[in-house]
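Let's take a friendly walk through a protein structure together. Have a look at the sequence and the 3D view, and then we will go through them step by step.

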Amino acid sequence: QVQLVESGGGLVQPGGSLRLSCAASGNIFSINVMGWYRQAPGKERELVATITSGSDTDYADSVKGRFTISRDNTKNTVYLQMNSLEPEDTAVYYCHHKQRRSVYMGWLFYWGQGTQVTVSS
């Protein structure tokens, strides 16, 4: 089992910045991908950004150039630096972790409890 604890959400004005953190604990495998998803009211959950254990990254088109995902493998923690925030970024942000023992085995998936990000003047 893996536990994910998120922090860093809040209220920010348009154009502002926030940094989300997600710390993973438990039985963590070396092959893993951590990331952030978000869900706005009335909308489906969508991918924001992911980062592999080798630090390869992927971003949704809507956040490219504004958000940066990073990780500290010594702390099993992933970060999401969000700059130039827009009202459309308002959502609950969920930390996601998937892992597998080897490339021959299936993925195990875990979610954090979510943290609210509100962008409003």
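Is the disulfide of C22 and C95 left-handed or right-handed, going by the torsion about the S-S bond? That torsion is about -85 degrees, so the disulfide is left-handed. Before we go on, keep in mind that you are looking at a predicted model.

Let's stay with this bond for a moment. A search of the whole structure turns up one disulfide, and its two sulfur atoms, in C22 and C95, lie 2.0 Å apart. C22 belongs to strand β3 (residues 18–26) and C95 to strand β9 (residues 91–100), so the pair ties together parts that are 73 residues apart in sequence. If you look for these two cysteines from the outside, remember that both C22 and C95 are buried.

Now let's use those two strands as starting points, and begin with β3. Strands of a sheet pair through backbone hydrogen bonds, and they can do this in a parallel or an antiparallel way. Here, β3 takes part in an open sheet of four strands with the order β1-β3-β8-β7, where the pairing is antiparallel. The edges of this sheet are β1 (2–7) and β7 (67–72), each of which pairs on one side only. From one strand to the next, the twist averages 15 degrees. Inside the sheet, six bridges join β3 to strand β8 (residues 77–82). To find this pairing in the 3D view, try R19, which stands opposite Q81 in β8.

The loops on either side of β8 hold a small surprise. Most residues other than glycine have a negative phi. N76, however, has a positive phi of about 50 degrees although it is not a glycine. You will find N76 in the loop between β7 and β8, where it counts as partly exposed at 30% relative accessibility. S84 also has a positive phi of about 50 degrees without being a glycine. This residue sits in the loop between β8 and β9, and with a relative accessible area of 40%, S84 is partly exposed.

Next, let's follow β9, the strand that holds C95. Nine bridges join β9 to β4, and the two strands run antiparallel. One place to see this is N32, whose bridge partner in β9 is Q99. Strand β4 (residues 31–39) is mostly covered, with seven of its nine residues buried. What else does β4 pair with? Its partner is strand β5 (residues 46–52), joined to β4 by six bridges in an antiparallel arrangement. Here W36 stands opposite A49 in β5. Together, β4 and β5 make a hairpin with six residues between them, and in the turn G42 has a positive phi of about 80 degrees.

With the strands in view, we can turn to charged side chains. How many salt bridges does a search of the whole structure find? The search finds five. One of them brings together the side chains of R38 and E46, with N to O at 2.7 Å. R38 counts as buried at 6% relative accessibility, whereas E46 is partly exposed at 36%.

Another salt bridge joins E86 and R66, whose closest N and O atoms are 3.9 Å apart. E86 lies in the loop between β8 and β9 and R66 in the loop between β6 (57–59) and β7, so this pair ties together parts that are 20 residues apart in sequence. E86 counts as partly exposed at 33% relative accessibility, while R66 counts as buried at 11%. These residues belong to a wider group: R38, E46, R66, E86 and D89 are linked in a network of salt bridges.

K64 and D61 form a salt bridge too, with their closest N and O atoms 3.2 Å apart. D61 counts as exposed at 64% relative accessibility, and K64 as partly exposed at 49%.

Let's finish on the surface. V103, Y104 and M105 form a nonpolar patch there, with about 400 Å² of accessible area together. V103 lies in the loop between β9 and β10 (108–111), and its relative accessible area of 53% makes it exposed.

Conventions
Residues are numbered from 1 along each chain as its sequence is written. This is a predicted model: local features need pLDDT of at least 70, side-chain atom pairs count only at pLDDT 80 or more; totals for chains, interfaces and linings use all residues. Side-chain values use heavy atoms; hydrogens and water are left out. A disulfide is a pair of cysteine sulfur atoms within 2.5 Å. Buried means under 20% relative accessible area, exposed over 50%, partly exposed in between (1.4 Å probe, protein chains only). Two strands pair if DSSP finds at least two bridges between them. Patches are made of residues with over 30% relative accessible area and no salt bridge: like charges are joined within 9 Å, nonpolar side chains (Val, Leu, Ile, Met, Phe, Trp, Tyr) within 5 Å. Accessible areas come from the Shrake-Rupley method with a 1.4 Å probe; for residues, only the protein chains shown count as cover. A salt bridge is a side-chain nitrogen of Lys or Arg within 4 Å of a carboxyl oxygen of Asp or Glu. Axes are lines fitted to C-alpha atoms, for helices over the stretch in contact, and angles run from 0 to 180 degrees between N-to-C directions.
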